[in-house]
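I opened the notebook for a session with one structure. The entries below follow the order in which I looked things up.

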Amino acid sequence: MPHPVHLLSLTLRGVRNHRDTRLDPGSAPLVVLAGPNGAGKTNILEAISLLAPGRGLRGASLSEMAMAGGDGSLALAALLSPDPALPPLSVKAFTTPEAPDRRRLTINGAVAAAASLPDWLSVLWITPAMDRLFADAAAQRRRFLDRLALALFPAHGRHASRYEAALRARGRLLAEGRPDPAWLTALEAQMSEHGTALADGRRQLVAVLSARLDRTAPGAFPMARLALAGDSPDADWPRLLSAARAADAVAGRATRAPHRVDLAVTHADKDMPAAQASTGEQKALLVGILLAHADLAADRTGRVPLLLLDEAAAHLDPDRRRALFGRLLALGGQAWLTGTEMPLFDGLPEASRFAVAGGAVTAA
């Protein structure tokens, strides 16, 4: 039986418009944050997303997340219950004024690396910016794909970060005009190694998630078919990257590389690309994919992912909204939901509710 993961308490200091905010949802399966636009609801979810490797749900730098007019630092403290049979963990993520873009982490007071967080929890999210994910640029879908892969394969994050570092370094060398060939060769070898592993992780994710979607009973959310499109992960990348140096220097980017893959999503019931579906259908497809992945991650890792659903009820009709709440409760973990009005979440007796206004939070 998968273990539920709960944030029992959460404290934010200097995070965007939250000077000093504390929430105590306990082991509630659903945590509702309601308030007007700009109140700071998404800022709370963004802070929680720092409990996962990589950038948070907005993709912002840490210094951008720090409160304006402060000293440039921020802090998040959470009491995390990764398993009801184990004592809770005290997790702190913070920056300092001297290094505002360097995330520091402690678990039970001991210094830890961000790469160790997947040992205790995985965090998945949906934001309003993802409502047009299927019609946006391929880079957005790759980020979504990698977040899903990280929840199943913790090493995926390491390969992604090392690949991106080598890719950026190669781009800078090519932009210089007369780069060192030996250095380029070394960077291209790193891109090949980590890029191939990255592509393999994406391919595995699509295979297992597609199988889970195929086994999902018809319901309120439309069936999605997933496929990968782009360069072959089995290509001879050292040779191809070396041959493309001149073209890449002119283009200012890697024209052919392991990362240049796209996630193709089809609305299976209508046999049409997801990008051509209505806004509501695209949102329902996205929610269906996330819920199927949460089920899959719980089965494969033994822990239910922590879900952050920013304005997830938007564009969902009442039937799908009720279906969403039912599926979240059935997962058995904890989901954080935001909305502009508390009545959107009527009929949820198991929810811990908070009103958010001007960076202040009160129990509702």
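How far apart are the mean positions of the positive and negative charges of the protein chain? I worked from a predicted model. I found 41 positive and 36 negative charges, and their mean positions are 3 Å apart.

**Entry: the whole chain**

I looked up the secondary structure next and noted nine helices and 15 strands in the protein chain. The radius of gyration came out at 21 Å, and the globule rule gives 21 Å for 364 residues, so I wrote the chain down as being as compact as a globular protein of that length. For the outer dimensions I took the box along the principal axes, which is roughly 60 × 55 × 40 Å for the C-alpha atoms.

I then turned to burial and surface. Of the 364 residues, 52% are buried. The chain exposes about 15800 Å², with carbon and sulfur atoms supplying 53% of that area. I also checked how contacts are spread along the sequence: among those between residues at least 6 apart, 68% join residues at least 24 apart.

**Entry: methionine 65**

Where does methionine 65 lie? I placed methionine 65 in helix α2, which covers residues 62–65. Is methionine 65 buried or exposed? Its relative accessible area is 1%, and the cut-off for buried is under 20%, so I recorded methionine 65 as buried.

I listed its contacts, leaving out residues up to four places away in sequence. Methionine 65 touches Gly14, Val15, Arg16, Glu46, Ala47, Leu50, Ala60 and Leu74. I looked at glycine 14 separately: this residue is 51 residues from methionine 65 along the chain, and their C-alpha atoms are separated by 8.4 Å.

**Entry: aromatic rings**

How many aromatic pairs does the count come to? I counted one aromatic pair. The partners are phenylalanine 325 and phenylalanine 345, with 5.9 Å centre to centre. The angle between the planes is 40°, and I entered the pair as tilted.

I then checked where the two residues sit. Phenylalanine 325 belongs to helix α9 (residues 318–331), and phenylalanine 345 to the loop between β13 (335–339) and β14 (351–357). The two are 20 residues apart, and the pair links distant parts of the chain.

Last, I looked up the burial of both rings' residues. Phenylalanine 325 has a relative accessible area of 6% and is buried. Phenylalanine 345 is also buried, with a relative accessible area of 1%.

Key
Residues numbered from 1 in each chain as written. Predicted model: local features only at pLDDT ≥ 70, side-chain atom pairs only at ≥ 80, totals over all residues. Heavy atoms only, no water. Helix = DSSP H or I, 4+ residues; strand = E, 2+ residues; numbered from the N terminus. Buried < 20%, exposed > 50% of the residue type's maximum accessible area, 1.4 Å probe, protein only. Contact = heavy atoms within 4.5 Å. Phe/Tyr/Trp six-rings, centres within 6.5 Å; stacked < 30°, edge-to-face > 60°. Rg over C-alpha atoms; globule rule 2.2 N^0.38 Å. Areas by Shrake-Rupley, 256 points an atom, 1.4 Å probe, with all protein chains shown as cover. Lys, Arg positive; Asp, Glu negative; His and termini not counted. Charge placed at Lys NZ, Arg CZ, Asp CG, Glu CD.
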